[in-house]
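Work through the following exercises with the sequence and the model in view, and read each solution only after trying the task yourself.

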Amino acid sequence: AAPVSRGALYRQGFVTSGSNPKAIMFFAALFPQFISADLPFWPQQLILMATYLALDGAFLALYGVSAGAISKRLSGRGMRWVNIISGAMIIIGAVILTFKTAA
């Protein structure tokens with residue numbers, strides 16, 4: 001595969017995240033609870049967005065660093081067991097969802 005620039009990867013991730021309906025619904029449900037009608041809207045919105053981006057970026061960086069460290073430690077047999085256990089958990093979850101009745 002041809003190498004892809006970091007900028008292209010960033011744009012692709014930004015578009016994917018920005019068009020995610022779950023994220024849109026999350027912000028539509030969460031942010032209004034913290035907006036005061038008595039104060040200007042945009043400064044409040046900018047503070048909320050900056051706070052969210054800082055926290056989300058920190059957690060995603062932590063996940064990335066952790067995944068990198070774990071993947072270096074798990075090679076060969078260890079990674080094979082991770083794949084087997086992960087696959088089994090997904091299959092078990094699918095079977096449980098298949099037989100779950102609607103409430």
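**Exercise 1.** Does Met-89 count as buried or exposed, and why?

**Solution.** The model is predicted, so that local features need pLDDT of at least 70 and side-chain atom pairs count only at pLDDT 80 or more, while totals for chains, interfaces and linings use all residues. Residues are numbered from 1 along each chain as its sequence is written, and side-chain values use heavy atoms, without hydrogens and water. Begin by finding Met-89 in helix 4, residues 77–99, where a helix is a DSSP run (H or I) of at least four residues, numbered from the N terminus. Next, recall that buried means under 20% relative accessible area, exposed over 50%, and partly exposed in between (1.4 Å probe, protein chains only). Met-89 counts as exposed because its relative accessibility is 55%.

**Exercise 2.** Which helix supplies the largest share of the lining of the largest pocket?

**Solution.** First list the helices that each supply at least two lining residues: helix 1 (6–18), helix 2 (21–30) and helix 3 (41–73). Then compare their shares: the largest, 6 residues, comes from helix 3. A pocket here is an open set of points on a 1 Å grid over the protein atoms alone, where a 1.4 Å probe fits, with protein on both sides within 12 Å along at least five of seven lines, and lining residues have an atom within 4 Å of a point.
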